[in-house]
Amino acid sequence: MNDYFIVLNSFYWLDLACGCLDSFLCRDMLPKTASVPQFCNSPTMIVMVGLPARGKTYISKKLTRYLNWIGVPTKMFNVGQYRREAVKIYKNFEFFKTDNEEAMRIRKACASAALKDVSAYFSKEQGQVAVFDATNTTRERRAVINSFAKEKGYKVFFVESICDDPEIIAENIKQVKFGSPDYVDRDIDDAMEDFVQRIECYKANYKSIDDEKDRKLSYIKIFDVGSRYLVNRVQDHIQSRIVYYLMNIHVTPRSIYLSRHGESELNLLGRIGGDSGLSPRGQKYANALATFIKGQKISDLKVWTSHMKRTIQTAEALGVPYEQWKALNEIDAGVCEELTYEEIQENLPEEFALRDQDKYRYRYPKGESYEDLVHRLEPVIMELERQENVLVVCHQAVMRCLLAYFLDKPADELPYLRCPLHTVLKLTPIAYGCKVEPFFLNIEAVNTHRERTAPQISNIRNRVPAHISRHQTFDIVAVFVGKYKRNSPPEKPSLLWGSPVSRLPSAVESCSIDHH
Amino acid sequence: MEDKTPSIPRELTQNPLKKIWMPCKNGLPEKHISQRKVCMTNCPTLIVTVGLPARGKTYISKKLTRYLNWIGVPTREFNVGQYRRECMKIYKSFEFFRPDNEEGLKIRRQCASAALNDVRQYLTEQGGQVAVFDATNTTRERRETIIQFAEQNGFKVFFVESVCEDPDVIQENIVQVKLGSPDYTNCNTEEAVEDFMKRIKCYENSYETLDEVLDRDLSYIKIMDVGQRYLVNRVLDHIQSRIVYYLMNIHITPRSIYLCRHGESELNVKGRIGGDSGLTPRGKEFGKKLSQFIKSQGISDLKVWTSQMKRTIQTAEALSVPYEQWKVLNEIDAGVCEEMMYEEIQDNYPLEFALRDQDKYRYRYPKGESYEDLVQRLEPVIMELERQENVLVICHQAVMRCLLAYFLDKTAEELPYLKCPLHTVLKLTPVAYGCKVESICLNVDAVNTHRERPEVGTTSYHTHSITGPFLQCMFTNESVLRCRMSHHQIH
């Protein structure tokens, strides 16, 4: 059993005591010299502002999900959670009265604890955006956050939600508050009454962001669930993207249907990619899909396909207008197009192994990676957010990416999400998440799903000790194999790949790999 | 729910030019339901500017028009001041704009009507999708007239108001664009400025800004203080959303954008397209010269962007500054024709070769891309370029043509034939309503990769005899391509 060493920059060694590697050479493990623009140089705090039941948590969660999906490490910090941990049992709204000194102290402490965690997230976990979800309804509280951020060198962007429509507020309360841990043992009318009182506690001291006094701040004010926006001083790219996203989301109830094309000729042959037509069973599925869609009785359904024959043939059976999006085309397998997995393993064993090492970031030679797919699908997601009822007829990898967005799946799970042929997934947003209903339309098809195989090895960047990765960009210079003794240079290792280093560094960093 | 007897599926045929699958009958394409990437809007949109003179309305109108046309939305601007100049021939003084000048008011109202008439023609008969109505439109009454006009014709209306009280900005505007206006060709600077300030005053008293309450049912964006602040109300559809996003990303801070290709590559020298080869020695020389040039420009805070192809990265490496790699800056994907020479393409894929020369913008390589696809994929680059200040983009021939077409407002027909030679840097500096271009050749020899537009009806590359099908293509109004193939021997 051999140990592998990766030499970085000739200055650091990383020992990977794993012994189960086919190959560790991976061009995509080279540092990302930004394949997307550097979104932010300094971390950004998004600070929510607004009375209770104005959709702050809804926005926070959605925004966090979106930013993570496009590759910006983001985390949400809900101060209410901290309060629930500090005060185990919620009695009633009296806790939120402004003259309740004891409670005020606790709430201030919770906010501080949350800010502390924000700081840790940025400095220790390489987070880029933190969403600070709380009412933050007083100028004083916002000033505290501002100075905290200034001191640490974080950018601040406020998102205020303003709404006085009693129907919307009542609906919010029903959708998300009744299910809250605070009201788990209460009957509905009691809970509603209490929550309304809770809102009153905040109202007296609520100071909206002031367009005059706060004109130096960066913020967006959302009025009446998006009919109007006020945007002030957008500082950088990420804030611009956040504003664009917030201006495109809506809360109108609707459903999104995701489906793959019907079984294709190449599917039957076990070959990937290509642009083949439907098999007879695939055609049957298209007809079944038409029946299913009619049965759903959807008002005003938009149908989208890719530019590939098999999705278009599937949509044709619906007998309704459809739009073709090139962005919905299947992942480009480059030189592996139309090969079977066995052929890939035989002819390009290294590539085959690499793909299993990190299926999300692995890019086919002259092709794409899942990561590239996400980037190319972003306008599709943006338009899906704008639209109401939509049926997307697409492909396996594409559907995985879209599904990961709606179900908040992280990058390492995304490429293994199950998206079988001849199954429609109906996604309906509810509360803070998304309800998924799978409909298998009872037409047999081949199974194109490959389970995770190799031991799960996280991207090497994550294994580089933080104190190294934070200050250095690194490059893999060489891969050695040899016997390894802790804390001493390896004895005459043999060079597997790369250029031999002239000197051996003194320190050896070690990290172990988790096996699945 | 009764079981439907499975309907006979329509046959699909692939449009040979764009490689788009369309239903067909008897081998000929049927009317295609939708080829657009996304339905921008169901009905035409009228964008109406609002604001006092010298608030950047025409600047915004022209820029927005340029952007929308580039992303494929047929757009035209209608500047009422132009109509007034055509009507009045000679501009005397600000007195024309006095609110008590009945004669003046009559003429101005007529000009607005004439412009709206042209708008209607453009949107209903000439295939336009967006019209930008560029005038002050400072009174509620005038705006109401326009809204009614739009309602009668089934157009959506989106207002773009520019509000600015900063005297420095207004002064700068006047200097940049008003002094050169036909209205002031015979005045000296002081006279012109003084007259223009009085002109602004004529509008000020009757100016009714878009009101949050009174106008709450209108769709609009109010731009305040050159983009510090925006008020956005009732965005109705995709195109309005894109317009808002664009307007919120543009700025007027002076800066320059440098565009260049990678240094000469190994495949360039072999006359092969695409691929991912490295630089030749001359290409590396270019890298060095580029580095010297950039240093000599003394640019503060320059961002450098490359594609993810070796040749652009090698070029950037010579600069010894940090750079960002964008996959979307990769060269156009030539699909099956990758790494072939034009002669080989003509020999092996004569139909493809001919098709490309018919419509180089829309032609998609088999399993590859078209210029049209490139523009879609480059849109985020343009958006980010608008946000940024000084940027150097090291890219590729087709990519550079697309970016250049955006900045220089070139049509889709011209775009694929723009000259972007190797080893030449284009420095683009926004000025007045357009863009100044300086071409700097860094004096390192390189092969010429430019192919001129072939003459109509021929697709010959060789000067000697060629055989192969000669393609005659017709485009109908519904963008359906009917192809007739005939075989000719051309000697």
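**Exercise 1. Find which residues Glu266(B) is in contact with, leaving aside neighbours within four places in sequence, and describe its setting.**

*Solution.* Start with the contacts: beyond those neighbours, Glu266(B) meets Ser277(B), Gly278(B), Leu279(B) and Thr280(B), where contact means heavy atoms within 4.5 Å. Before going on, a word on the ground rules: this is a predicted model, in which local features need pLDDT of at least 70, side-chain atom pairs count only at pLDDT 80 or more, and totals for chains, interfaces and linings use all residues. Residues are numbered from 1 along each chain as its sequence is written, chains are lettered from A and ligands numbered from 1 in the order in which they are written, and side-chain values use heavy atoms, with hydrogens and water left out.

Next, place the residue: Glu266(B) sits in helix α8 (residues 266–269) of chain B; helices (H or I, at least four residues) and strands (E, at least two) are DSSP runs, numbered from the N terminus. Finally, take its accessibility: at a relative accessible area of 36%, Glu266(B) is partly exposed (buried means under 20%, exposed over 50%, partly exposed in between; 1.4 Å probe, protein chains only).

**Exercise 2. Work out whether Asn268(B) is buried or exposed, and what its side chain reaches.**

*Solution.* Asn268(B) also belongs to helix α8 of chain B. Its relative accessibility is 12%, so Asn268(B) counts as buried. Leaving aside neighbours within four places in sequence, its contacts include Arg261(B), His262(B) and Leu422(B). Its side chain reaches the backbone nitrogen of Ser265(B) at 2.9 Å.

**Exercise 3. Locate the UniProt "active site" positions of chain A and describe each one.**

*Solution.* First, the unreviewed UniProt entry puts this feature at His261(A) and Glu330(A); UniProt positions are given in the numbering used here, feature names are shortened, and annotations may be inferred rather than shown by experiment. The two span 70 residues in sequence, yet no two of their C-alpha atoms are more than 10.7 Å apart, so they gather at one spot.

Second, His261(A) lies in the loop between β9 (256–260) and α8 (265–268) of chain A, and is buried at 3% relative accessibility. A polar contact of 3.3 Å links its side chain to that of Arg310(A) (a pair of N or O atoms within 3.5 Å; within protein, one must be able to donate a hydrogen and the other to accept it, and residues adjacent in sequence count only if both atoms are side-chain atoms).

Third, Glu330(A) lies in the loop between β11 (323–324) and α11 (341–347) of chain A. At 13% relative accessibility, Glu330(A) is buried. Arg310(A) is among its contacts.
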